[in-house]
Amino acid sequence: MLKGFRDFMMRGNVVDMAVGVVIGAAFTAVVTGFVSAFLTPLVGVVVGAAGDFSSYKATVAGVTFPYGQFLNVLIAFVMTAAVLYFCVVLPVTRATARYLPKKPATPKRPCPECLTEIPEAARRCSACTAHVEPVPASAGV
């Protein structure tokens, strides 16, 4: 029983996932700190609320709606998403496009049985497992 658990824990994907979760939590703290220390006060300067909307409330029929708390969370979410996009996603996407070559697309054709796209060199469809005649090599190529 313990051997199986040990084998499960030592699999590469479990360890990779654990490391990813820890790094993700640390990165979340960094982004949240940046947003709360710099961007939220800037929004407060622009709108004149010192970056804190938690005191904003509305009362309807004796019921208080503290919509300011929601505004704080919404602004923090939008700014966090913007920071992640412009500081992480966009640079990584550009670096990936620049430094990792793209594989050329293999020519495809429809399976005569199920019409799923399959490679031209395939002898069997991966979807319906029907036998397929390979496309003959064109002469002069």
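Biologist: How many disulfides does the rule give here?

Modeller: A disulfide is a pair of cysteine sulfur atoms within 2.5 Å, and by this rule the count comes to 0 disulfides. This is a predicted model, in which local features need pLDDT of at least 70, side-chain atom pairs count only at pLDDT 80 or more, and totals for chains, interfaces and linings use all residues. Residues are numbered from 1 along each chain as its sequence is written, and side-chain values use heavy atoms, with hydrogens and water left out.

Biologist: Why is cysteine 111 without a bond, and is cysteine 111 buried or exposed?

Modeller: The closest cysteine sulfur to that of cysteine 111 belongs to cysteine 128, and at 3.8 Å it is too far for a bond. Buried means under 20% relative accessible area, exposed over 50%, and partly exposed in between, with a 1.4 Å probe and protein chains only; cysteine 111, at 0%, is therefore buried. For cysteine 125, the closest cysteine sulfur lies in cysteine 114, 3.6 Å away and likewise too far for a bond, while cysteine 125 is buried with a relative accessible area of 2%.

Biologist: Where does helix 3 bend?

Modeller: Helices are DSSP runs (H or I, at least four residues), numbered from the N terminus, and the bend at a residue is the angle between axes fitted to the seven residues ending there and the seven starting there. Helix 3 bends by about 40° at tyrosine 85.

Biologist: Which residues of helix 3 are buried?

Modeller: Gly68, Met79 and Val83 are buried in helix 3, whereas phenylalanine 70, placed in that helix (residues 67-99), counts as exposed because its relative accessibility is 55%.

Definitions and conventions: Helix = DSSP H or I, 4+ residues; strand = E, 2+ residues; numbered from the N terminus.
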